[in-house]
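Colleague: I have a model open and want to learn how to read it. Can we go through the features one by one?

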Amino acid sequence: MFADGLFLGFAVLAVLGAAGLVVFRHPMNGAMSFVVTLISLAGLYALLSAKLIFALQLIVYAGAIMSLIVFIIMFLNIQPSDLPKEETKLVYILGGLAVVLPIGLFLAKIVKSLPLSSTAILGNDFGGVKQVGLLLFKDWLVPFEIVSILLLISLIGAVVLAGKKEAVK
Amino acid sequence: MIHSYLYLSIILFCLGIVGVISRRNVFTVFMSIELMLNAANLAFVAFARVHESMDGHVLAMMVMAVAAAEAALALAVVILLHKHKSKLDTNVFSLLKG
């Protein structure tokens with residue numbers, strides 16, 4: 001099937017990008033491989049017929065958040081000598097994998113017990129802007145307002161933290 | 001099949017945990033946290049597809065908003081720490097150790 005091939009390609013790209021993020025030494029290389037993960041996740045959302053989330057993943061995540069991170073990495077002008085020396089990085093990564101593996105196997109066992117269901121692409125406006133927007137403003141209105149307050153607080157916090165010295169005192 | 005999406009979500013989440021606990025670069029740790037949020041998002045959207053209800057999509061949007069707020073604040077903190085210590089090592093940032 002064509003959709004299965006697409007899923008396989010996107011899944012391999014996502015895992016490779018995430019592995020690159022964990023392994024690369026310079027944060028800029030890690031950020032670039034993380035962008036690959038984000039874009040292939042957007043493709044997976046499209047395969048799950050989540051049209052609005054697909055667009056938001058590309059615009060908000062791969063567009064806004066990652067460009068903010070890349071901008072800050074370039075703003076700090078990181079030289080290779082500024083990076084922490086991680087001679088035992090591979091040992092730590094292997095140790096971390098050994099710690100995390102039982103948790104992953106446990107979760108996989110839970111997933112295995114779930115009933116099978118198909119992921120054929122749905123038509124009739126499932127996941128479109130209108131449907132998700134109606135749901136957001138009807139059933140999820142209070143969480144939506146709380147998220148807007150959270151964004152306002154983080155805006156104020158960022159201005160206070162990164163503003164001028166006089167503002168901090 | 002829906003199981004492969006959930007397996008992929010588990011793999012990405014575990015890679016995020018490995019990045020957080022085994023790396024010392026602040027930016028890599030931060031992006032690993034973002035990776036874990038994305039893995040949770042993938043599980044949300046996959047379950048929304050299973051039940052054919054769109055509540056998972058709304059939750060995924062809220063997770064994106066939280067990630068944006070987190071990015072703004074965390075990067076401001078990283079800029080301040082880099083200004084004070086001119087290092088990017090999480091071992092140096094142990095101000096709360098007492």
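Modeller: We will go through the contact between chains, the core, one helix, the domains and some backbone angles.

Modeller: Keep in mind that this is a predicted model.

Colleague: Start with the contact between the chains. How many residues does each chain bring to the contact?

Modeller: The size of an interface is often given as the accessible area lost when the parts come together. Here we count residues instead. Chain B gives 60 residues and chain A gives 69 residues. On the side of chain B, the elements giving two or more residues are α1 (2-22), α2 (26-51) and α3 (55-85) of chain B. The largest share is that of α3(B), with 22 residues.

Colleague: What is the chemical make-up of the side of chain B that touches chain A?

Modeller: That side divides into 43 nonpolar, ten polar and seven charged residues.

Colleague: Next, the core. Which residues touch the most other members of the largest nonpolar core?

Modeller: In soluble globular proteins, nonpolar side chains tend to be buried together. The largest nonpolar core here has 61 residues. Those touching the most other members are A:Tyr45, A:Ile69, B:Leu12, B:Leu42 and B:Val45. Both chains take part: α1 (2-23), α2 and α3 of chain A, along with α1, α2 and α3 of chain B, each supply at least two residues of this core. The element that gives the most is α2(B), with twelve residues.

Colleague: Take one of those residues. What does B:Leu12 touch?

Modeller: Leave out residues up to four places away in sequence. Then B:Leu12 touches A:Ala14 and A:Ala18 in chain A, and B:Leu35, B:Asn38, B:Ala39 and B:Leu42 in chain B.

Colleague: Now the helix α3(B). How far does α3(B) reach from its first C-alpha to its last?

Modeller: Compare the end-to-end distance with the expected rise. With 31 residues, α3(B) reaches 44 Å, close to the 45 Å expected at 1.5 Å a residue. Its buried residues include B:Gly56, B:His57, B:Met61, B:Met64 and B:Leu75. The cover over the buried residues of α3(B) includes α3 (51-75) and α5 (129-138) of chain A, together with α2 of chain B.

Colleague: Is B:Ala76 buried or partly exposed?

Modeller: B:Ala76 lies in helix α3 of chain B. It counts as partly exposed because it has 19 C-beta neighbours inside 10 Å, and buried would take 20 or more. Beyond four places in sequence, B:Ala76 is in contact with A:Ala158, A:Leu161 and A:Ala162.

Colleague: On to the domains. Where do the domains of chain A begin and end?

Modeller: The assignment gives domain 1 (2-138) and domain 2 (139-169). Their C-alpha centres lie 26 Å apart. Four residues of domain 1 are in contact with four residues of domain 2. On the domain 1 side, three are nonpolar, no residue is polar and one is charged.

Colleague: Last, the backbone. Which residue that follows α3(B) has a positive phi?

Modeller: Most residues other than glycine have a negative phi, and most peptide bonds are trans. B:Ser86 follows α3(B), and its phi is positive, near 45°. In chain A, A:Ser49 has a positive phi of about 55°. A:Asn77 also has a positive phi, of about 55°.

Colleague: Where are A:Ser49 and A:Asn77 found?

Modeller: A:Ser49 is in the loop between α2 (27-47) and α3 of chain A. It counts as buried because it has 22 C-beta neighbours inside 10 Å. A:Asn77 is in the loop between α3 and α4 (89-112) of chain A. With 7 other C-beta atoms within 10 Å, A:Asn77 is exposed.

How values were computed:
Residues numbered from 1 in each chain as written. Chains lettered and ligands numbered in written order. Predicted model: local features only at pLDDT ≥ 70, side-chain atom pairs only at ≥ 80, totals over all residues. Contact = placed C-beta atoms within 7 Å. Helix = DSSP H or I, 4+ residues; strand = E, 2+ residues; numbered from the N terminus. Nonpolar A, V, L, I, M, F, W, Y, C, P; charged D, E, K, R; others polar. Domains from an automatic or database assignment. Expected span 1.5 Å × (residues − 1). Buried ≥ 20, exposed ≤ 12 C-beta atoms within 10 Å, placed from the backbone. Core = buried A, V, L, I, M, F, W, Y, C linked by C-beta atoms within 7 Å.
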